[in-house]
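Me: Please take a close look at one small part of this model for me. Start from a single residue and work outward through what surrounds it.

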Amino acid sequence: MAAAAAAEAAEPGNLAGVRHILLVLSGKGGVGKSTISAELALALRHAGKKVGILDVDLCGPSIPRMLRAQGRAVHQCDSGWVPVFVDQEQSISLMSAGFLLESPDEAVVWRGPKKNALIKQFVSDVAWGQLDYLVVDTPPGTSDEHMAAVEALRPYGPLGALVVTTPQAVSVGDVRRELTFCRKTGLQVVGIVENMSGFVCPHCTECTNVFSQGGGAELARLAGVPFLGSVPLDPELTRSLEEGRDFIRDFPQSPAFPALSSIAQKVLSEAPARLS
């Protein structure tokens, strides 16, 4: 009986075809985890990869809007739930609590056990198919949703963490605790991204460091983990997210474009080595 239970626990199921799993984390709210998750997925797609996004920010599921997938229906198949495909080529698939709400204004008022059960169901019952990367967008902190996601995903191979901060000391301090969470839970830190790193004026292209600068790079140096890059505040990036457009395709001249493309290339080089 014990051997049968262990074999069942190790059964890869619907994640059998997923090569790399990356959790996007931060100890701080409002640093742009969903933005980085969405743009990383788009950049990986343009690099020829098949990508899934698992949105476990149950109380603030913003990824469907960012990828113009709001209002889509989740269907059943023999293997479970079929994720929503963002593009016609079906190179980006998405599962989010936002697809299960009756209206975009509905609040998710759930206690921990119900949240944990849905996250486990997202992991076990979604038919992801063949993916190069599964990007997991998480809420702020180190709470129930994070533990549920790590515990549910752990049997399917090494888990990577991409940690997002903003430059100022308050954010960096909170993110330092997130790195402690990664160590305690055995997550391999693929790297740190500094978001909102300066504002580039659309008229003169001068960069103003609204929230200080360099905090993410210094944190990565002290923690001994890779620094993947800095993403500036960019009105065109904001507009693309509001309109659900493909920023990587539509705004190649934007100041944020080279930063996001470089981060994706570093993920492509760092993740296989750290998650093998």
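Reply: Happy to. Glycine 32 touches Asn195 and Met196, leaving out residues up to four places away in sequence; a contact here means heavy atoms within 4.5 Å. Please keep in mind that this is a predicted model, in which local features need pLDDT of at least 70, side-chain atom pairs count only at pLDDT 80 or more, and totals for chains, interfaces and linings use all residues. Residues are numbered from 1 along each chain as its sequence is written, and side-chain values use heavy atoms, with hydrogens and water left out.

Glycine 32 sits in the loop between β1 (18–25) and α2 (33–46); helices (H or I, at least four residues) and strands (E, at least two) are DSSP runs, numbered from the N terminus. Its relative accessibility is 16%, so glycine 32 counts as buried, a label for values under 20%, with exposed over 50% and partly exposed in between (1.4 Å probe, protein chains only).

One of its two partners deserves a look at the backbone. Methionine 196 belongs to strand β9 (residues 188–200) and has a positive phi of about 60°, although it is not a glycine. For context, most residues other than glycine have a negative phi. Arginine 68 also has a positive phi, of about 55°, but its setting is the loop between α3 (63–66) and β3 (75–77). Arginine 68 is exposed, because its relative accessible area is 54%.

Now to lysine 33, which lies in helix α2. Which is it, buried or exposed? With a relative accessible area of 6%, lysine 33 is buried. Setting aside neighbours within four places in sequence, lysine 33 is in contact with Val24, Leu25, Ser26 and Lys28, and also with Asp137, Thr138, Pro139, Pro140 and Val164. The C-alpha atoms of lysine 33 and valine 163 are 8.4 Å apart in space, with their positions 130 residues apart in sequence.

Reaching out to the far end of the chain, glycine 32 and alanine 271 are 239 residues apart in sequence and 21 Å apart, C-alpha to C-alpha. Alanine 271 is one of the buried residues of α10, among them also Ala256, Leu260, Ile263 and Val267. Helix α10 (residues 256–274) has 19 residues and reaches 26 Å from its first C-alpha to its last, close to the expected 27 Å, where the expected span is 1.5 Å times one less than the number of residues.

This helix also feeds the interior. The largest nonpolar core has 42 residues, and Leu40, Tyr133, Leu162, Val231, Leu260 and Val267 touch the most other members; such a core is a set of buried Ala, Val, Leu, Ile, Met, Phe, Trp, Tyr and Cys residues joined through side-chain atoms within 4.5 Å. Eight of its residues, the largest share, come from α10. Valine 267 touches Leu22, Leu40, Tyr133, Leu162, Leu228 and Pro272, again not counting residues up to four places away. A second, separate core of 39 residues includes Leu15, Leu54, Trp81 and Met95.

The start of α10 brings in aspartate 234. That residue is found in the loop between β11 (227–233) and α8 (235–243), and at 6% relative accessibility aspartate 234 counts as buried. Beyond its neighbours within four places, aspartate 234 is in contact with Phe247, Ser254, Pro255 and Ala256. The C-alpha atoms of aspartate 234 and glycine 198 are separated by 8.9 Å, at 36 residues apart along the chain.
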